[in-house]
Every structure is written in C-alpha cells, then in structure tokens.
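Welcome, and let us take a walk through this structure together. Have the sequence and the model open beside you as you read.

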Amino acid sequence: MGFVPGPVWAESTEKPISLDDLEDQELKADALEDLNVNPLQQRLSGKAYDDPALQTQITGYAVTSYKYNDSGVGHHDIGNEMHFGQSSAETNDFAFDVIAFGFTRRFSDWAWVNASVEVGLHNGHDGVETEVGLDQGDINLMAPIGNGLVFTLGKINSPVSFEPEDAPFLLQTTQSLAYQFASPVKMTGAMVTYPLGLNLEVRGMVFNGWQDTGDNNDGTSGLFQIGYAPYYWLNTKWSYLWGPETSGNDHDARQVLDFVATITPFKDWLIGMELAYGWDNNLSTVNPGQDAKWWAGQATVHHDFTRWFATTVRYSFFDDRGGRPDLHDSQKRTMQEITFAPIFHLSPDFMGYMGMGMIPQSQHLVSAIDLRFEYRRDWVDEEGPGSFFEDEKGNPTDFRNAFFVELVARF
C-alpha cells in the first residue's frame with residue numbers, strides 16, 4: 001500500500017467540517033467541488049496557488065492490526081495480495097502493518113509532483129518481511145488546451161478498481177476478490193487525462209504491465225477509460241485494459257473490460273459495484289490453445305449511522321472458467337467471499353474525500369482515525385487436484401474464516 005495526496009484533496013479551512021455539516025446530498029456535492037484543489041478546478045474557479053501553504057502538502061497514514069484465521073493460503077504472490085491475504089493457517093497475531101508518508105509539491109497551476117514512501121510488513125517466501133521503498137511517484141504537467149490536458153509520468157495507483165489501495169479510504173479492512181484479480185494495483189508509465197466537462201473525462205495510459213510476480217513487464221500494456229457522473233449521486237468508470245501479462249510471451253495479450261459504479265442514493269449511504277470480464281488470448285490451462293476467460297465482481301453497501309459509527313457489508317467473487325495462467329495451480333475455480341465490518345470513527349472531522357479523477361460528485365467523506373472490526377468468510381469451488389486454502393496441517397480445505405481488528409490513523 002502507499003499514499004499520495006494527489007487523488008484526495010482537502011483545502012485548509014479555519015474550522016474543520018464534520019460529517020454532520022453536510023446534510024443534503026446536493027449541498028455536499030457543491031461543497032466538495034468547492035473544496036477540490038485539483039489545479040483544473042482551481043483554474044476554472046479563478047483560484048491560484050499563490051498561498052505558500054497550498055504549494056506543498058505533506059500527509060500520511062499508519063495502520064496497526066490484529067488478525068485471526070482458521071485456514072491459510074499455502075502460496076505467495078497471487079494476484080494483488082495485500083498483507084492480509086497470504087497468512088498461514090491459524091494466524092493469531094498483532095502487527096504494525098504499514099506507515100506511509102506522502103507529499104505534493106505544486107510549482108504552479110500547471111505543474112506539480114507527487115511522491116510517497118512506505119514502510120510495511122508483509123508475508124513473503126521467507127516469512128514476515130519488512131519492505132521500505134518508493135511506493136508512488138509522478139510528475140504532472142497541464143497543457144492549456146481546452147479544459148486542460150493533464151500529462152502524468154511515473155508510478156501511480158491504478159484508477160481502475162472501485163476500491164482504492166490505501167487503508168484510510170477503504171470502507172472495510174480487506175480488499176475484494178475483484179480488486180485482487182481484475183486490475184493492477186500500480187501502473188508505471190505515461191498517462192493523459194482530459195476533462196470534457198465537470199462530469200465527464202477520458203483517460204489513456206501506456207504502462208509496464210500489472211507488475212505481479214511472473215508478469216511480463218517487458219511488454220507494454222495500455223488503458224483507456226471514460227469517467228462519467230450523470231448525476232451528483234452517481235459516478236461511473238468504464239475501463240479497457242490490454243497487454244501481454246505472461247512472462248516470456250509478448251504475443252498473447254490479456255484484455256479486461258471493467259465497469260465501476262459508485263452510488264450515494266441517500267444521506268450517509270454509499271453503494272459500490274464493480275464487474276469485470278477478462279480473457280488471456282490462447283493461454284487457457286484447462287483447454288490449451290483457447291482463451292482463458294474469467295469474471296470478477298463485487299457489491300459493497302456502506303452506511304454511516306452517526307458521525308461516530310458506520311457499517312460495511314460486501315460480497316465479491318472471482319470465476320476462473322479457463323484456468324488463468326498466472327494463478328496458483330491454474331484450473332477452473334470459483335472463489336467467493338462475504339465481509340461484515342462495523343467501523344468506529346474515532347476522529348470524524350473532515351479530512352478529505354474519496355472519489356475518482358477530477359469529477360467531484362458522489363464522494364464519501366473520510367475521517368482521520370478509524371477503528372474497524374471485520375469478519376470475512378471465503379469459500380472456493382475447484383475442479384482439479386489443488387486447493388487454494390490449507391488448514392494448519394497442510395490439508396486442503398474449501399473455506400477460510402478470518403477476523404480482523406484494525407486501527408487506521410491519517411495525518
């Protein structure tokens with residue numbers, strides 16, 4: 001995980017804005033648009049970065065946790081696995097998971113740079129490992145063409161999935177199966193974004209692949225995306241990805257169609273949906289010579305009962321119909337999970353908002369400190385000799401129960 005304040009903005013104010021301060025959805029949308037400090041929005045509203053306090057922003061977050069699970073994952077580097085996904089069976093421990101520092105330096109309305117450094121713990125081949133590195137870094141330039149043509153070069157968080165990578169902006173502790181398998185987490189390359197209006201934008205990018213273990217990062221992958229918010233309560237993203245993702249094979253590409261909808265139908269409610277269809281050309285391990293086809297999706301419902309307490313319920317799935325080549329014991333399998341997560345906002349003052357690109361609608365307010373509890377059940381239906389989960393004795397099993405307590409502080 002990593003953090004850069006680029007995707008999430010909060011302008012300095014004399015008085016913090018709480019969740020209760022924004023009672024009406026339309027007023028919330030207007031307020032969020034006013035608080036957006038994206039240079040395009042500022043230019044359109046006649047604002048500029050003359051105030052030195054706005055020229056450099058330093059932010060970050062820290063995560064501590066307790067986790068328990070009855071069954072484990074007997075392999076590593078599968079999809080976009082985070083620290084929670086690769087634990088061995090009967091895990092029962094406390095951890096300091098990650099601390100991340102990010103900064104944005106704005107040279108003008110037309111040029112800015114983002115970077116983040118992360119210190120994190122994760123399960124590797126040799127057990128728990130500490131990793132320190134540059135998690136994200138990009139240089140952004142805006143050409144004064146039309147509404148502003150933005151060029152981004154470097155390593156960025158993927159704009160595809162409904163779920164963000166960084167813990168403060170998640171609606172629960174763990175990520176979905178759609179996040180894990182349907183899109184990359186990081187993308188290193190060159191991206192161009194153009195807003196056709198305040199509720200419509202297009203984006204294109206060439207990048208070095210999904211950067212998973214065994215991935216083909218010598219071949220170039222591509223992304224085309226349309227972001228459209230037809231109403232203040234509805235955000236949508238339509239993405240198409242393509243490129244070779246199998247090591248040593250530059251000819252057979254993976255292609256993915258991904259649709260995301262973020263809906264805020266009523267006050268304090270947020271619904272997120274994602275559906276992805278993908279195929280790896282000629283790379284099926286079940287039917288050699290045919291395409292490896294797969295589906296992934298998720299549905300999330302989040303409700304803030306008060307400014308202090310919220311609950312998230314999520315269901316997600318990954319349906320591998322053709323034996324995708326980059327998965328452990330590639331075979332036909334369907335994975336599903338359901339998650340229930342009560343969340344206590346220990347410091348619920350306004351600290352930014354979650355959303356996509358330059359479109360200010362359909363955002364969710366983010367508190368500074370969250371205490372999250374989560375129960376998650378995964379189960380899998382497989383056709384083949386292997387098994388995705390293992391019990392403490394190494395025996396294959398079709399399910400996993402996990403319980404998490406997580407404390408997230410954003411600064």
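A good place to start is a loop: the one between β11 (249-263) and β12 (269-280) holds aspartate 268. Keep in mind as you look that this is a predicted model. What is the sign of phi at aspartate 268? Phi is positive there, about 70°, although aspartate 268 is not a glycine. Now follow the chain into the loop between β12 and β13 (292-304), where asparagine 282 has its place. Asparagine 282 is also a residue other than glycine with a positive phi, near 65°. With a relative accessible area of 42%, asparagine 282 counts as partly exposed, because a value between 20% and 50% falls between buried and exposed.

From the loops we can turn to the strands. In general, strands of a sheet pair through backbone hydrogen bonds, in either a parallel or an antiparallel way. Here, strand β8 (residues 200-207) and strand β9 (residues 221-231) run antiparallel and are joined by eight bridges. If you look across from arginine 203, you will find glutamine 225 in β9. On to the next pairing: β9 is also antiparallel to strand β10 (residues 234-246), again over eight bridges. In this pairing tyrosine 228 faces threonine 236 in β10. How many residues does the hairpin from β9 to β10 run through? The hairpin passes through two residues.

Elsewhere, three strands make an open sheet in the order β2-β19-β20, and their pairing is antiparallel. Why do β2 (72-73) and β20 (396-397) each have one side without a neighbour in the sheet? Both stand at the edges with a single partner strand, so one side of each is left free of a neighbour there. Two bridges link strand β19 (residues 389-390) with β20 in the antiparallel sense, and glutamate 390 has proline 396 in β20 as its bridge partner.

Next, the aromatic rings. The model has 13 aromatic pairs. One of them is formed by tyrosine 231 and tryptophan 233, which are stacked with 5.1 Å from centre to centre and 5° between the planes. Tyrosine 231 is partly exposed at 47% relative accessible area, and tryptophan 233 is partly exposed at 31%. Tyrosine 315 and phenylalanine 317 give another pair: their ring centres are 6.4 Å apart and their planes lie at 25°, so this pair is stacked as well. Tyrosine 315 has a relative accessible area of 32% and is partly exposed. A single aromatic cluster brings together Phe305, Phe309, Phe344 and Phe373.

Rings can have charged partners too. The charged end of arginine 254 sits over the ring of tryptophan 210, 4.7 Å from the ring centre. Arginine 324 lies over the face of tryptophan 294, also at 4.7 Å from the ring centre.

Our last stop is the empty space inside. The structure contains 11 cavities of 30 Å³ or more. The second largest cavity has about 130 Å³ of space. Which of its 15 lining residues come closest to its centre? They are His345, His364, Leu365, Val366 and Asp370. Each of β13, β15 (332-347), β17 (364-365) and β18 (369-383) supplies at least two residues of this lining. By character, the lining of the second largest cavity divides into eight nonpolar, four polar and three charged residues.

Methods: Residues numbered from 1 in each chain as written. Predicted model: local features only at pLDDT ≥ 70, side-chain atom pairs only at ≥ 80, totals over all residues. Heavy atoms only, no water. Pairing = 2+ DSSP bridges. Helix = DSSP H or I, 4+ residues; strand = E, 2+ residues; numbered from the N terminus. Phe/Tyr/Trp six-rings, centres within 6.5 Å; stacked < 30°, edge-to-face > 60°. Buried < 20%, exposed > 50% of the residue type's maximum accessible area, 1.4 Å probe, protein only. Lys NZ or Arg CZ within 6 Å of the ring centre and 35° of its normal. 1 Å grid on protein atoms, 1.4 Å probe; cavity = no way out; pocket = protein on both sides within 12 Å on 5 of 7 lines; lining within 4 Å. Points joined across faces, edges and corners; volume = space filled by probe spheres on them. Nonpolar A, V, L, I, M, F, W, Y, C, P; charged D, E, K, R; others polar.
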